[in-house]
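I opened this notebook to record what I looked up, beginning with the whole chain and then turning to a single position.

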Amino acid sequence: MKYADMDAEALRATEQRVEQHLAALRGRNFQIDMTRGKPSAEQLDLTAEMMTIVGPDDCHGLDGTDYRNYGLGTGIPEAKALFAAYLEVPPDAVIVGGNSSLNLMYDALAGAVLYGVPGGDGPWRARAGLKFLCPVPGYDRHFLVCERLGLTMIPIEMTDEGPDMDHVEALVAEDAAIKGIWCVPKYSNPTGITYSDRVVDRLAAMKTAAADFRIMWDNAYAVHHLGDQRPVLRNIFEACAAKGTADRPLMFASTSKISYAGAGLAVMAASPANIRDAAAKMAVATIGPDKINQLRHVLFFRDMAGVHAHMDRHRALLAPKFAALDGALEGRLGGKGLAEWTKPEGGYFVSVDVLDGCATEAVRLAGEAGLALVPAGATFPYGRDPRDRNIRLAPTMLSLAEIDRAMDIFCISVERACVAKLRASEG
Ligand code: PLP
């Protein structure tokens with residue numbers, strides 16, 4: 001039964017039952033952490049061979065370059081070839097950097113603020129009031145980058161095809177202070193959606209008042225499938241080149257959820273002008289990346305067939321966790337009219353929308369009962385979800401038994417928060 005259809009007495013009885021259940025859970029001193037999308041130890045074990053794949057006699061490139069030494073600031077050619085195939089761009093469009101794509105994204109925007117980017121009229125910091133578009137719900141660390149760099153964030157609604165392009169086009173056409181947009185185009189964090197061809201084409205073709213507008217194309221989950229549906233993401237690099245906006249996209253990815261989240265590889269791809277600009281900026285900050293780690297990855301994965309085969313092994317570990325989470329939500333909250341949630345075909349998250357005004361309280365109650373969740377609002381710029389309804393769930397680190405326990409706590413916390421709201425609105 002939908003809780004909104006209950007009479008006052010039924011709601012009161014439900015509140016009592018839910019409160020008793022929560023009190024019992026509180027007494028069990030659980031400590032479950034569902035805050036971040038981290039790979040589990042079993043996933044990290046899949047790459048164990050990588051630890052020893054490069055030996056002391058085997059750390060040279062195909063042309064004999066000694067990868068233990070300085071140099072090759074934009075990455076080793078073997079790694080560039082692998083990631084060119086990964087991102088479907090030419091090898092000379094690729095920079096293989098450190099271990100964190102977030103770091104590359106931060107540096108790209110910090111570099112724009114400090115020094116400017118190709119096609120612009122100097123450092124962004126020379127002009128006050130610059131803005132960035134942020135599809136919501138989105139990735140909290142993207143929003144932190146903007147906040148730290150003083151770029152005012154404008155939320156854009158996500159549709160099931162990607163950001164609301166009517167809104168995006170209208171804003172960027174008029175306002176030269178809008179310098180870019182964040183996009184997680186495949187298996188988006190947290191909604192799991194993949195941008196449609198139409199959205200990609202519109203992003204490539206739209207008129208922007210800012211000549212140096214940038215699309216931060218964070219393809220963090222390009223090969224992270226969970227289901228049999230494998231949506232094909234249109235190639236933004238080619239779409240922009242075809243529309244005369246080749247300098248617009250800055251593409252990013254990493255192996256954080258392929259090899260190691262702490263010791264993987266990060267990559268950026270972009271037009272020749274952008275790559276020259278990024279390489280020149282990077283050359284001041286570093287004399288070169290960890291080429292041994294790049295070699296290790298190339299020797300382990302070899303090519304895209306190797307990457308896909310490896311991701312099938314990740315999928316075998318992860319798909320049952322997402323199925324368990326979905327089953328628990330369905331079993332415990334289904335039909336009650338208190339929450340809606342995504343059923344992602346890939347990526348690392350499930351996005352839950354509870355009744356308006358209930359997310360903060362649900363997260364607080366879950367925390368009291370021993371389930372740590374990312375703070376409500378984190379999926380919105382400045383941590384402010386105007387409807388206070390979105391909660392991001394990250395099941396990958398947990399065992400199936402922990403997911404079951406976590407969902408017991410989560411669902412009862414959602415029920416408790418929503419019932420209180422319904423009772424209050426009854427007066
Ligand atoms: N981008 C997105 C959309 C993410 O969800 C994450 C991690 O959760 C990252 C980037 C972080 O990537 P990296 O480990 O390469 O810095």
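Entry one, the fold. The model I am working from is a predicted one, and in the protein chain I counted 13 helices and 13 strands.

Entry two, overall dimensions. I looked up the extent of the C-alpha trace, which spans about 75 × 55 × 35 Å along its principal axes. I then checked the radius of gyration, and because a compact globule with 427 residues would have a value near 22 Å, the 23 Å of the protein chain agrees with that expectation.

Entry three, interior and surface. I noted that buried residues make up 54% of the 427 residues, and that the protein chain exposes about 18,100 Å², of which carbon and sulfur atoms supply 52%. For contacts between residues at least 6 apart in sequence, I found that 76% join residues at least 24 apart.

Entry four, charges. I listed 45 positive and 54 negative side chains in the protein chain, with the centres of the two sets lying 3 Å apart.

Entry five, one residue in detail. I located Thr396 in the loop between strand 13 (390-393) and helix 13 (400-426). Is Thr396 buried or exposed? I take Thr396 as buried because its relative accessible area is 0%, which falls under the 20% cut-off. Leaving out residues up to four places away in sequence, I found that Thr396 touches Gly37, Lys38, Pro39, Ser40 and Gln43, and also Leu318, Lys321, Phe322 and Tyr348. With Lys38 I noted a polar contact as well, in which the side chain of Thr396 reaches the backbone oxygen of Lys38 at 2.5 Å.

Methods
Residues are numbered from 1 along each chain as its sequence is written. This is a predicted model: local features need pLDDT of at least 70, side-chain atom pairs count only at pLDDT 80 or more; totals for chains, interfaces and linings use all residues. Side-chain values use heavy atoms; hydrogens and water are left out. Helices (H or I, at least four residues) and strands (E, at least two) are DSSP runs, numbered from the N terminus. The radius of gyration is taken over C-alpha atoms; the globule rule is 2.2 Å times the number of residues to the power 0.38. Buried means under 20% relative accessible area, exposed over 50%, partly exposed in between (1.4 Å probe, protein chains only). Contact means heavy atoms within 4.5 Å. Accessible areas come from the Shrake-Rupley method with a 1.4 Å probe; for residues, only the protein chains shown count as cover. Lys and Arg count as positive and Asp and Glu as negative; His and the chain ends are not counted. The place of a charge is taken as NZ of Lys, CZ of Arg, CG of Asp or CD of Glu. A polar contact is a pair of N or O atoms within 3.5 Å; within protein, one must be able to donate a hydrogen and the other to accept it, and residues adjacent in sequence count only if both atoms are side-chain atoms.
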